[in-house]
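Subject: A structure for you to explore

Hi there,

Here is the structure I promised to pass on to you. Have a look at it first, and then read on for what turned up.

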Amino acid sequence: MTLALLFPGQGSQAVGMGAALADAFPAARDVFAEVDQALGQSLSQLMRDGPEDQLTLTENAQPALMAVSVATMRVLQSQFGLDLGRVGYVAGHSLGEYSALCAVGAISLSDTARLLKLRGQAMQRAVPVGRGAMASLIGPKTDLALAEAAAAAGSEVGVCVVANDNNAGNIVISGDKAAVDRAIEKAKELGARAIPLNVSAPFHCPLMQPAADEMAAALATAVIHAPAVPVVANVTARPETDTEVLRRLLVEQVTGRVRWRESMEWMAGEGGVTRFAEIGSGKVLTGMAKRIAPDAEGVALNTPEDLEAFAASL
């Protein structure tokens, strides 16, 4: 049985996440303390107590989600004896790619926290509030061809691209607000439902180029080691281990499409993955895994009980 570990992205944050782990395991408390120190703020208190509107801010949500994922991973290793040698691949959705890289030793915890704080701030700075928008195209008729046709219609009045190819029936578009509005109209004509997303910026589109430039400068001096487990990258949907390739792809990821469906299809197909475990907060990726790879097992590891049961099943 080939195991892949999945690390969630923005939208999976929730007040109280990680609290049960911190209460139960010193390894989790150590992760949260190191992240707090690296950022010079009590992010762990914000995660535990809120307020929700502050936790949801991109610059807080990104390092917070990573902290919970890495804390979960450290507990699995130290408390339950998970050996990375038993893991075939890791993958993370957008910011989750940083969590994945940290979890398999490619980037230190402190550096990952600082990079994600900067990434969140840079993404927020890149586009004035109100100029950009994102929308989720959903429903049984929604596939990549429909989403690209809708984005092409939107592109007639501004920037509009497919940002996240999550799974059939769930594809996100991003760009200028007027262009996304036009794309929503086209998507509805083609038979999809379209839901505008409550986001602070249009992620994963060319409007994010200023943020990509900031991340390129920061990543140029970041220490990146070869990961202990291949990382299936968002940009290529293929496993990567070369440190310079990983560095480049983290920059490209800011403006590029999250090719999640393709990543999951590759792991479940050529990669031979039969079991996916979501490491951190929420169950979003587990739900996607069940739709993309219905023959594989999917499990979300959110609580100490989840971790204990998972470890017992290895």
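Please keep in mind that this is a predicted model. I'll begin with its largest pocket. By class, the residues lining that pocket are 12 nonpolar, 18 polar and 1 charged. The space in this largest pocket comes to about 730 Å³. Its lining has 31 residues, and those closest to the centre of the pocket are Gln10, Gly11, Leu197, Val199 and Phe203. Which elements give two or more residues to this lining? They are helix H5 (58-78), helix H7 (109-126), strand E3 (132-138), strand E4 (160-167), strand E5 (170-176) and helix H13 (284-292). If you wonder how such spaces are found, rolling a probe the size of a water molecule over the atoms shows where empty space is left.

Now for the whole chain. The protein chain holds 14 helices and 10 strands. Its radius of gyration is 18 Å, close to the 20 Å that the globule rule gives for 314 residues, so the chain is as compact as a globular protein of that length. Along the principal axes, the C-alpha trace spans about 55 × 45 × 35 Å. Of the 314 residues, 56% are buried. Looking at contacts with a separation of 6 or more, 73% are between residues 24 or more positions apart.

Next, try finding two paired strands. Strand E1 (residues 2-7) and strand E2 run parallel, and 5 bridges join them. One pair to look for is Leu5 with its bridge partner in E2, Val90. Is strand E2 mostly covered or mostly open? Strand E2 (residues 87-92) is mostly covered, with 5 of its 6 residues buried. While you are looking at strands, remember that in a regular strand the side chains alternate between the two faces of the sheet.

Finally, here is a single residue to zoom in on. Arg238 sits in the loop between strand E7 (231-232) and strand E8 (239-240). Is Arg238 buried, partly exposed or exposed? Its relative accessible area is 37%, and because buried means under 20% and exposed over 50%, Arg238 counts as partly exposed. Leaving aside residues up to four places away in sequence, Arg238 touches Val231, Val232, Ala233 and Trp266. You can also compare positions along the chain and in space: Arg238 and Ala91 are 147 residues apart along the chain, and their C-alpha atoms are separated by 9.7 Å.

Enjoy exploring!

Best wishes

How values were computed
Residues numbered from 1 in each chain as written. Predicted model: local features only at pLDDT ≥ 70, side-chain atom pairs only at ≥ 80, totals over all residues. Heavy atoms only, no water. 1 Å grid on protein atoms, 1.4 Å probe; cavity = no way out; pocket = protein on both sides within 12 Å on 5 of 7 lines; lining within 4 Å. Points joined across faces, edges and corners; volume = space filled by probe spheres on them. Helix = DSSP H or I, 4+ residues; strand = E, 2+ residues; numbered from the N terminus. Nonpolar A, V, L, I, M, F, W, Y, C, P; charged D, E, K, R; others polar. Buried < 20%, exposed > 50% of the residue type's maximum accessible area, 1.4 Å probe, protein only. Pairing = 2+ DSSP bridges. Rg over C-alpha atoms; globule rule 2.2 N^0.38 Å. Contact = heavy atoms within 4.5 Å.
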